Amino acid sequence: MTDHQAARVAVITGGGSGIGRATCVALIAQGFTLAVLDLDSDAAKMAAGSDGVGIAADVTSPESVEAAFAEIVKLFGRVDVLVNNAGISGSASATTCHETPVEEWDRVQAVNVRGPYLCSRAALPTMMAAGTGHIITVASVAGQIVFPGRAAYVTSKGAAVMFAKSLAIDYAAHGIRSNAVCPGMVYTPMTAWRLDQPELRDMVESKIPLGRVAQPEEIAEAIAVLASGRLAYLTGAALNIDGGWTAL
Ligand SMILES: NC(=O)c1ccc[n+]([C@@H]2O[C@H](COP(=O)([O-])OP(=O)(O)OC[C@H]3O[C@@H](n4cnc5c(N)ncnc54)[C@H](O)[C@@H]3O)[C@@H](O)[C@H]2O)c1
């Protein structure tokens with residue numbers, strides 16, 4: 001680890017669980033100092049490690065996000081990497097268009113689309129002042145192919161992919177890169193209810209060429225490679241990490 005790497009700061013939303021939690025572990029191992037934003041304050045603090053900061057924040061709230069980034073800039077003075085990871089799949093009532101309650105539709109878009117927008121908006125002035133930065137948005141293969149009966153989630157992840165691409169174009173001249181990571185099916189608290197049922201797991205895994213769902217660490221590893229800066233020419237990309245699912 002170099003001194004330069006040791007000083008780098010990464011902000012991770014939804015870092016208290018699943019893919020976000022595994023990403024925190026991977027980025028700490030890479031020498032990043034972390035700021036972890038999550039609804040769950042204890043989980044955020046735990047994931048941030050001894051040098052980092054865990055902040056209770058709701059990514060859908062402009063006030064909450066602004067306050068969190070003000071604290072981060074005051075504490076660390078920089079944001080090198082933002083991982084827009086916090087997301088929800090919606091409740092069992094978020095199904096097809098005509099069956100999805102309006103408030104459920106809005107809740108899914110708020111966390112999965114408004115959240116990345118608010119957090120990027122808060123991080124960009126600091127990145128622009130530094131002339132560098134990388135925003136990594138965790139979308140989904142559901143932003144590239146349709147999951148039947150999950151209209152709100154699919155729509156939100158399609159928007160998240162295009163949001164990441166839009167940032168890449170609008171901020172390239174500022175030295176800022178933006179990429180989307182699109183996981184396939186990953187075993188986390190979001191999906192455990194389904195994957196813990198053997199018949200449902202078999203059904204899901206039968207669609208995946210590699211024959212298994214991913215572990216959160218496998219997605220975190222891809223985020224960590226992006227965050228490392230080693231793929232310096234990559235921006236505006238949507239990286240599918242899905243065991244071959246979308247290639248079928
Ligand atoms: N698990 C999968 O199979 C899968 C597949 C593709 C994409 N994804 C995406 O990966 C991301 C992480 O998913 P996961 O499976 O790790 O989920 P998870 O439910 O395990 O973790 C999500 C975290 O986000 C936090 N969060 C939720 N709403 C928030 C809000 N309003 N403000 C702040 N924090 C909030 C939760 O408290 C939790 O800690 C999501 O964007 C999800 O859509 C997951």
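Around the ligand stand 28 residues, of which S17, D38, Y153, V186 and T188 are the closest; a residue is counted as near a molecule when one of its heavy atoms lies within 4 Å of it. The model is predicted, so that local features need pLDDT of at least 70 and side-chain atom pairs count only at pLDDT 80 or more, while totals for chains, interfaces and linings use all residues. Residues are numbered from 1 along each chain as its sequence is written, and side-chain values use heavy atoms, with hydrogens and water left out.

Three side chains place an N or O atom at a polar distance from the ligand, where a polar contact is a pair of N or O atoms within 3.5 Å, and where, within protein, one atom must be able to donate a hydrogen and the other to accept it, residues adjacent in sequence counting only if both atoms are side-chain atoms. For D38, the distance from a side-chain N or O atom to an oxygen atom of the ligand is 2.6 Å; for S17, the corresponding distance is 2.7 Å, and for K157, 2.9 Å. The ligand taken alone exposes 830 Å², and the protein buries 91% of that, with accessible areas computed by the Shrake-Rupley method with a 1.4 Å probe and, for residues, only the protein chains shown counting as cover.

From the ligand we turn to helix α3, which spans residues 41-48; helices (H or I, at least four residues) and strands (E, at least two) are DSSP runs, numbered from the N terminus. In α3, A43, A44, A47 and A48 are buried, a word that stands for under 20% relative accessible area, against over 50% for exposed and in between for partly exposed (1.4 Å probe, protein chains only). Seen down the axis of α3, these buried residues fall within an arc of 130°, so they line one face of the helix; the arc is that of the directions from the helix axis to the C-beta atoms. Such a pattern has a general background: an α-helix has 3.6 residues a turn, so residues three or four places apart point the same way. On the other side of α3, D42 and M46 are exposed, whereas the cover over the buried residues includes α2 (18-29), β2 (33-38) and β3 (53-56). At the start of the helix, a side-chain oxygen of D40 comes to within 3.2 Å of the backbone nitrogen of D42, and just after α3, G49 adopts a positive phi of about 75°.

Across the whole structure a search finds five salt bridges, each being a side-chain nitrogen of Lys or Arg within 4 Å of a carboxyl oxygen of Asp or Glu. One of them joins the side chains of R107 and E104 at 3.2 Å, N to O; these two residues lie three apart in helix α5 (residues 102-130) and are thus separated by about one helical turn. In this pair E104 is buried, at 9% relative accessible area, while R107 is partly exposed at 40%. R78 and D80 also meet through their side chains in a salt bridge (2.7 Å, N to O), with R78 partly exposed at 27% and D80 buried at 10%.

T126, which is also placed in α5, leads back to R78: leaving aside neighbours within four places in sequence, T126 is in contact (heavy atoms within 4.5 Å) with V73, G77, R78 and V79. T126 counts as buried, at 18% relative accessibility.
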